[in-house]
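Thank you all for making the time this morning. I would like to walk through one chain with you, slowly, and I will start with a question once it is on the screen.

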Amino acid sequence: YQRRVHGETLRHMYHPVLASMKILAHSSTIFLTELLVRLRPVGYARGQRIFMVGEVARTVFIVMSGVVSYTTSVGHGVLAQYGSGTFVGEEAVLGHRMRRHTVNAAGAVQLASIDVAAFEEVLDLYPEARTLISDGYEAKVAALEAAEPLGEETSPQHEEAGTLLDDQARMKRLLERLLGEVAHQRETLAVVPRLA
């Protein structure tokens, strides 16, 4: 009973925002429910840092109300601002364990947080959602990189995070290719009749 009441409370709090998210527009109700029951509310005051470039990514956020600011790699100047219905820190579930950007609350902001392990659990059940989130993240990164001032000095943490991310992305693609080949081999072997 208590879990059901908790689930209904979360649905009331978060479902309108999740349902309005373009990136999740075609997601199943079951996926959204699985996500909902794992979300936890967290608030930040104006100017408060949510996370910093180079930090280990342990949490993914969804902006429920208010606005967050992505700043330049050295922390000066705003590259972009994102409001309600936006993922923040989603690189954590896309194979990137180090934060690539610094994000601050532009004003009072309410976020829904989910730890990486819990989000990974949900995304393992719904791989199509991971693809949508990945596509959205890549578009966001392209926009942020385009907004980065030319000649901006990057911090050592940003360079290290970028190098690690590049290495991780290459390893992930290699692993996915190898897993695809293994699956193909298994399918091939399953079709070949067994000899007695």
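Which elements do the buried residues of α3 pack against? Before I answer, please keep in mind that what you see is a predicted model, and that every value I quote is computed from it. The buried residues of α3 are V116, A118, F119, E120, V122 and L123, and they pack against α2, β3, β6 (87–88), β8 and α4. At the N-terminal end of this helix sits a cap, in which a side-chain oxygen of D115 lies 3.1 Å from the backbone nitrogen of A117.

Let me step back to the whole chain for a moment. There are 5 helices and 8 strands, and, read along the sequence, they follow the pattern α-α-β-β-β-β-β-β-β-β-α-α-α. The chain has 196 residues, of which 40% are buried. If we take the contacts with a separation of 6 or more, 78% of them are between residues 24 or more positions apart.

Now to the interior. The largest nonpolar core has 30 residues, and those with the most contacts inside it are L18, F31, L35, L39, I62 and F119. Two or more residues of this core come from each of α1 (2–20), α2 (29–36), β3 (59–65), β8 (109–115), α3 (116–125) and α4 (127–147). The helix I began with, α3, gives the most to this core, with 5 residues. There is also a second, separate core of 16 residues, which includes L79, A105, V109 and L144.

From the nonpolar contacts I turn to the charged ones. Side chains of opposite charge can pair when their charged atoms come close. The count here comes to 7 salt bridges, and I will discuss a few of them. R38 forms one with E34, the closest N and O atoms being 2.8 Å apart, and R38 also meets E121 in a salt bridge at 3.2 Å, N to O. Because E121 lies in helix α3 and R38 in the loop between α2 and β1 (40–44), this second pair ties together parts that are 83 residues apart in sequence. Taken together, E34, R38 and E121 are linked in a network of salt bridges. As for how open the two acidic residues are, E34 counts as partly exposed because its relative accessibility is 26%, and E121 is also partly exposed, with a relative accessible area of 46%.

A further salt bridge joins E120 and R130, at 2.9 Å from N to O. The pair links helix α3, where E120 lies, to helix α4, where R130 lies, and the two residues are 10 apart in sequence. Are these two residues buried or exposed? Both E120 and R130 are buried.

That brings me to the aromatic rings, for which the count is 5 pairs. Y44 and F61 form an edge-to-face pair, 6.5 Å centre to centre and with 80 degrees between the planes. Since Y44 lies in strand β1 and F61 in strand β3, this pair ties together parts that are 17 residues apart in sequence. F51 and F61, by contrast in geometry, form a stacked pair, 6.4 Å centre to centre with 15 degrees between the planes. Here F51 lies in strand β2 (residues 49–51) and F61 in strand β3, so the pair ties together parts that are 10 residues apart in sequence. Y44, F51 and F61 form one aromatic cluster; Y44 and F61 are buried, and F51 is buried as well.

What sits over the ring of F51? The charged end of R99 does, 3.9 Å from the ring centre. A similar arrangement involves K140, whose charged end sits over the ring of Y82, 5.0 Å from its centre.

K140 leads me to the last residue on my list, Y70, whose side chain makes a polar contact with the side chain of K140 at 3.1 Å. Y70 is placed in strand β4 (residues 68–71), and it counts as buried because its relative accessibility is 3%. Y70 and F51 are 19 residues apart in sequence, and 10.0 Å apart in space from C-alpha to C-alpha.

To return to where we started, α3 gives the most residues to the largest nonpolar core, while E121 in helix α3 also pairs with R38 and E120 in helix α3 with R130 in helix α4. I will stop there and take your questions.

Definitions and conventions. Residues are numbered from 1 along each chain as its sequence is written. This is a predicted model: local features need pLDDT of at least 70, side-chain atom pairs count only at pLDDT 80 or more; totals for chains, interfaces and linings use all residues. Side-chain values use heavy atoms; hydrogens and water are left out. A nonpolar core is a set of buried Ala, Val, Leu, Ile, Met, Phe, Trp, Tyr and Cys residues joined through side-chain atoms within 4.5 Å. Buried means under 20% relative accessible area, exposed over 50%, partly exposed in between (1.4 Å probe, protein chains only). Helices (H or I, at least four residues) and strands (E, at least two) are DSSP runs, numbered from the N terminus. A salt bridge is a side-chain nitrogen of Lys or Arg within 4 Å of a carboxyl oxygen of Asp or Glu. Rings of Phe, Tyr and Trp (its six-membered ring) pair if their centres lie within 6.5 Å; planes under 30 degrees apart count as stacked, over 60 as edge-to-face and the rest as tilted. A charge sits over a ring if NZ of Lys or CZ of Arg is within 6 Å of the ring centre and within 35 degrees of the ring normal. A polar contact is a pair of N or O atoms within 3.5 Å; within protein, one must be able to donate a hydrogen and the other to accept it, and residues adjacent in sequence count only if both atoms are side-chain atoms. Contact means heavy atoms within 4.5 Å.
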